[in-house]
Structure formats: C-alpha cells, structure tokens
There are 2 protein chains.
Amino acid sequence: MSETYAGRAAALDAADELAKYRELFTLDDTVYLDGNSLGALPRHVPARLQEVLTREWGELRIRSWEESGWWTAPERIGDRIAPLVGAGPGQIVVGDSTSVNVFKAVVAASRLAAQGRDEILVDATTFPTDGYIAGSAARLTGHRIVPVAPADVPAALGPRTAVVLLNHVDYRTGRLHDLPALTAAVRAAGGLAVWDLCHSAGALPVGLDEHGVDLAVGCTYKYLNGGPGSPAYLYVAERHQAAFDSPLPGWTSHADPFAMTPGYAPAEGSVRGRVGTPDILSMLALEASLDVWDGVEVTAVRAKSLALTDFFLECVAAYVPPGRVTSVTPAAHAERGSQVALRCEDTERVMRALVERGVVGDLRRPDVLRFGITPLYVGFADAERAARILADVLEG
Amino acid sequence: MSETYAGRAAALDAADELAKYRELFTLDDTVYLDGNSLGALPRHVPARLQEVLTREWGELRIRSWEESGWWTAPERIGDRIAPLVGAGPGQIVVGDSTSVNVFKAVVAASRLAAQGRDEILVDATTFPTDGYIAGSAARLTGHRIVPVAPADVPAALGPRTAVVLLNHVDYRTGRLHDLPALTAAVRAAGGLAVWDLCHSAGALPVGLDEHGVDLAVGCTYKYLNGGPGSPAYLYVAERHQAAFDSPLPGWTSHADPFAMTPGYAPAEGSVRGRVGTPDILSMLALEASLDVWDGVEVTAVRAKSLALTDFFLECVAAYVPPGRVTSVTPAAHAERGSQVALRCEDTERVMRALVERGVVGDLRRPDVLRFGITPLYVGFADAERAARILADVLEG
C-alpha cells in the first residue's frame, strides 16, 4: 500500500508546476511541515542581508536612509505584499508586530465606526493575542468586547456593532472562515470588518479589495517566509485612509516628519499606519524573501495546498491505525486553510518522535498536532513520508 | 594655528584609553559625526548575523526558538543593556520601537499613578514622537497633557501630576537634563518619572536604579550601535513590575504564552513589557553589537565625550570666522550630552558641503547643524578635522 501512495506522490510531484520553487529555499531532507509557524529560509536572503550590513549600514551609514531606500521601505514592501492578499497599491504598510497592528486596527476601526456603536466582536476561537489586544483597545476606547465564534457572528451583529475582529484561518484547527460573506454581513450591519491574515496570506487568495474588507493585519514569517519575527503589516482600505486615526501616531507617520513640529499632522495614505523608525535589517530581509513570489499565482498555490492537504489526509487515513488520530481540519475545501490538524493523545511524545525522525510539525496544547502545508516548498512525497512516519510513531 | 590643534589632537588620541575600540567598527576616512542618529557597524556583526540566517533560521528553523535562545532574547538583551544605563538585571526588555515603548510606558505609568491625578507633563522641547504618543495616551486614558519645558517642571508639579515624560538629552541642542533632581522632584510630588534615554544611553551614565527612575525607554541604534531601526527597550523599575498594566498585552507577555488561553494573565518581571513575536534578526544583530561594550566603563566614555566636545568647540571657535556659528550646546559639562549643535545660516548647503568633504553630521531644521560625538570610535583628530573643514566650508 505504501508503494501505491509513494508512487502517486512521485507522479503528483512530477506534474507539479510549483515544484521548481523548492530550489529557492534552504532545505535538507527534513520534511518541514512547520512553515505555518516559521517559513523556511529563501536561499538568497543571507547574501542580500550581508550587502545591507556591510555596504548600506557599514559604508553608507546614515546616507542609506535616502540612498538605499530605507526610509520608504515600509510602504514599498507593503506594495510587494499587496498582490498576495488582493490589495491594490498604497494600502499596506509594513512594520511592528501583528499584536501592535491589531491594536492600531481595532482602535482606529472603533473610531471610524458610527457614534453610539459600542461593541467590538472578537472571534472567541482566535489566536489569543487578538483577543488580549482587542480587550485592551476596548478598555481604552470605552467599547465592550463581545466574544463570539465566527459562525455566530451574523446573529450577533446589530446596531451596537462597531468592529468585528476575525481570524481568516483558525491557528489550531486550520479552519478557513468565509471572509467574503462575513465581511459583507458586518458591513451590512454598519460595522467594520478587521481581518487577521496571519494564517492565510501566502497560502490562499484573500481578496481584500474585492470583498470590501475594512482593515486587516498579518504577519510575514509564516507563509511569506520573512524570517523569525519579521515585521507585520497593516492594510487600511483606501476609503478609510483619510479618517484613519491611529492610536500610535509616531513621528514617521507625520505628514512632514523632519519638520519635527510639536503638533501631530498625519501623512496621507498608508504611511499613516507607521509608528517609529522602521526596523531595517528585518524589513529588508523580508523584502528580499518576497522575491520567491515572482511569477507565482496565489490561485496555483491554493490548488496545490488543497491537493497536498487532501493527499496527506488520505495517506494518514490509509497508514495510521484506526482511532489514533482524528482530523479537526475541515473536510470541505471551502473551509480549509493550509494546514492539517490532528487530534491525538500524548501529543508531546508523538511530536518529539516525529521531529527525531525528520518530520517537523508542532503542537497546540492539549491535544492537537499541526502540520503546515507550504506549497512553495512542500511536495507530495513529503506528505506521504510524514504520514508514513506518523503511523510508525503511533504504532511504536 | 592648525598645527597647534592638530598636534594637540594627536597627543590626546595617543593618550586615549578608548582609542583601541575604534578598531572594532567598520570605518573609513570619513569623520563620522552622526552616530547620534545611526551608530557605526561593529565589524563582527555581519558574520554573526550570517550565522543566525544560515544556521539558526536556515537549518534549525523552528527549533531555534528554544535551541538558539530566540525566545528569551528580549530579556537577555535587556540585561546586556542594563549596566549601560545603571539598571540591575530583570528590569529591561527589548522590542518594538521607541514610540511603541513610550506608549506602553506612559499608559502604564498613568495607571500606576494615584487615583485623581489627571495630568501628564511632557517635555515641550522633546523629540516630537514623545509628545505625539503621550498625546494619544492621554486621549485614551482621559488624562490631560501639560506641555512644559524641563526647567519649568518643578514649578508645574502638583497634586494633579500623574506622569512626567522627559527626554534625558535634547535631540536638537544636546542639552542634558538633570535626571536625578527632576526624578526626585517628580516623585516627591507623587508623580511617576518616565525618561526617554535615546540620546544618552551609551554616551553617559544614566543611573536609573540609583536615581529612582520609575520607567524609561530608549532606542539602540544611536550610541548603542544596534543597526538601523534596531529594537528599542523598556525599563520598568522592579517596584512597579507587579502592578505594571500594559496597554499592549500581546501573547508573548502572557504568564503561559503557549497555553494560548482566551484570558490574559501577565508574566512576572520584565517579560510583562513584551508584546508580539520578537523580531529576531534585528534583535540578534543588536545583541552582537553590544559586544563592543565588553570592558568599557561608561564613566570613561563620558570623560572622553566631554573632552571631545570641549576640544571640538575650541577648534570651532579658533577656526571658524566670528559670527558664522553659535553653539547651542551648553557650555557647562553638567548640562551637555554627547553632541555639539551649532546654529548656522544656510544649514542645508553647509551640511551638503561637509558631507562631500568627508565630514558627516546632520541638521535639524531650520538652523541647527548637529555633530554627534561617539567616544568609542571618534577621536580628537576627527574633531579637529571636522572643525577645520567646517571653517573652510563657511569661508568658501
């Protein structure tokens, strides 16, 4: 049976148009299924960063703010990310962590909302930082937090709804939420939809502009391979930019930052989402890493991601003794992100054994094994091997 | 006359115990007097970052969060900075920009202040981001901003004072404010003193613990040479840590971040000042750059800084035609940071000509030329040459 799946994997890899992109990354014979936590290193990034260090910082020093384009990096890199999430230019700015951007987005959205709307709905199942930060934003702005599961959002919307903060893909289960429908419902109810794209950007089409999303944030170190803790980004739809009122109005978001006037006057456009001095080393590593997307269509990534998760689930079902794991990743494609999450006993021991045998995923307490599928560098043979070794470990 | 000053410079450089540290930096024959904006590159940093990229990210990938010590970098690097600003261990955490840390510090300080105290005093002459961010903090917390010059702080203190945000060294004039006396006055009035150390850390003794400072923030890319936009830091005095209530309670400041519980419970100690996922590439470049401080006493740095600024001012007075420049840097050592600021006409043209002739300073509109003095890599011959070329440019 293993022959059959291995044979199918070989054929699928041979037919895979994205297979060639694997060469762009530094990989070894590990099956790396943790790119949904930390993307692999694009091969050319160290040389580029060496140039930034030795030439731009070491030799040009302060001149690089202009001559090497450091100053405009946040918007420039934002425009590189934009097509990956379906945004036109001038709406994304890179910088700060996801948490800080959630804060900017939620506070600013609550200020954009109509007077009298005092509720911030937060995905109760989301990655916890979103809830913690939204709670802080609500406390500071006088709003009320309403925790709600994404499926229950439509019923919870009403005349008090100011902002709805949702995660596009659930970090534990890999469930993909219906961004177009939920955004439409939130907007129809008069609220603003803020999406966290950490687990979707770079893995599937997002369509921020097409679906009328109001604000969005995301990290760049998962499917975007920007490096550990690389800067996050903030999307502010063009229609909201003129009234976007940041709770973190740092000097680099000023209309004339070098005038250094005591009064704050915000810049136009996405620059308004900036805060302090951009973190250049991390930012330019991210910029370089985005080169791997040249010529890649997100729809092709999505197609391969679904084929890979299907195939991995099929191999798991075939190899793993019955009853040892249960998939908590939705079977329906429309509800699936780009990871497979398996409920399992004794996850700590199982994942340790997998890692020792060259299959790297991670776990989410108490009982979920996560396997991230990154179509630019994971192949079908990887999926087959991971399932086979998982079965071995669970039998052992 | 030039002979005399050049001769004195040579003798001073020969006797300088810190002269040997210059070798640790990548420098050329430029006189680099802009280290108060962007510190020079420590020579060994590119090799270290190459290792972080190729080995830690490229090969170990996700395992590096534990195995390469990435997860604990914010506190570990904070403890490396601590002795440079007179702080005991466990009180400084690195991450985010200065602006974001000002926000954390001012909001948290306003929550630490006694009930009913509703005023936040802000240095009216300070670097503008502090004022912008404090204004946002005040708007969100319901406090009132009182702009005040540092000299007028004692008179402005009273029963309504919650927080006083001050810059240790003025970024334009280079004036050093009296941190011990002002902190004592603020505390005696029942308020909390928050200091911005961007222009003092690494240039002169700060004595955070000794002088009872409540909270402090600072950047690391000026005198600490951490690289362009390298992460900033937050100091929370130990006595305030248990009640420190961050407005940015991101998941990495949670007591058990990987439990990923919906309820927020803050960690103990400096970890509480963290927000999102640490920005590892920039952070580890900073960590490496701090190696240049091994064996350096800040008192020796301060002594050389004062000798250099004195000598530079003396050369300027001797070389530059009368009336062309006026020093706005205080003559008294107790009031001087580590830069010389000269008021001058036509600063844009003058600084451009200086840069073309190999003397790099910068300007602050409308009429100030800034020359930063970084004692680890600037020598007396540099100061003499800069003054000589400045005189040439002003005569030309």
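Two residues are in contact when heavy atoms of the two lie within 4.5 Å. The model discussed here is predicted, and that criterion is applied first to A:H199. Leaving out residues up to four places away in sequence, A:H199 touches A:N36, A:V169, A:Y171, A:K222, A:Y223, A:Q339 and A:R370. Its place in chain A is the loop that runs between strand 6 (192-196) and strand 7 (215-218). A:H199 counts as buried because its relative accessibility is 4%, and the cut-off for buried is under 20%.

A:H199 also appears in a record. In an unreviewed entry, UniProt lists A:T98, A:S99, A:F127, A:P128, A:T129, A:D130, A:D196, A:H199, A:Y221, A:W251 and A:T277 under "binding site". These residues are spread over 180 residues of sequence, and in space they are spread as well, with up to 30.6 Å between C-alpha atoms. One of them, A:P128, is included in the lining of the second largest pocket.

A:F127, another residue of that record, sits in the loop between strand 3 (119-123) and helix 6 (128-141) of chain A. With a relative accessibility of 15%, A:F127 counts as buried. Neighbours within four places in sequence aside, A:F127 is in contact with A:N167 and A:Y171 in chain A, and with B:W251 and B:M260 in chain B. A:Y171 is also among the residues that A:H199 touches.

The strands that precede these two loops can be followed through strand 5 of chain A. Strand 5 covers residues 161-167, and 7 of its 7 residues are buried. Strand 3 and strand 5 of chain A run parallel and are joined by 4 bridges; here A:V122 stands opposite A:L165 of strand 5. Strand 5 also pairs with strand 6 of chain A, again in the parallel sense, over 5 bridges. In that pairing A:L166 stands opposite A:W195 of strand 6. Between strand 5 and strand 6 the chain passes through helix 8 (residues 179-188) of chain A, and this β-α-β crossover is right-handed.

The contacts of A:F127 with B:W251 and B:M260 lead to the relation between the chains. A turn of 180° with a shift of 0.0 Å along the axis lays chain A on chain B with an RMSD of 0.0 Å. The two copies are therefore related as by a two-fold rotation axis. Of the interface residues of chain A, 100% are also interface residues in chain B, so the copies meet through the same surface.

Conventions:
Residues are numbered from 1 along each chain as its sequence is written. Chains are lettered from A and ligands numbered from 1 in the order in which they are written. This is a predicted model: local features need pLDDT of at least 70, side-chain atom pairs count only at pLDDT 80 or more; totals for chains, interfaces and linings use all residues. Side-chain values use heavy atoms; hydrogens and water are left out. UniProt positions are given in the numbering used here, feature names are shortened, and annotations may be inferred rather than shown by experiment. On a 1 Å grid over the protein atoms alone, a cavity is a set of points where a 1.4 Å probe fits but cannot get out, and a pocket is an open set with protein on both sides within 12 Å along at least five of seven lines; lining residues have an atom within 4 Å of a point. Buried means under 20% relative accessible area, exposed over 50%, partly exposed in between (1.4 Å probe, protein chains only). Two strands pair if DSSP finds at least two bridges between them. A crossover is right-handed if, with the strands pointing away from the viewer, the path from the first strand over the helix to the second runs clockwise. Copies are superposed by least squares on the C-alpha atoms of residues with pLDDT of at least 70 in both.
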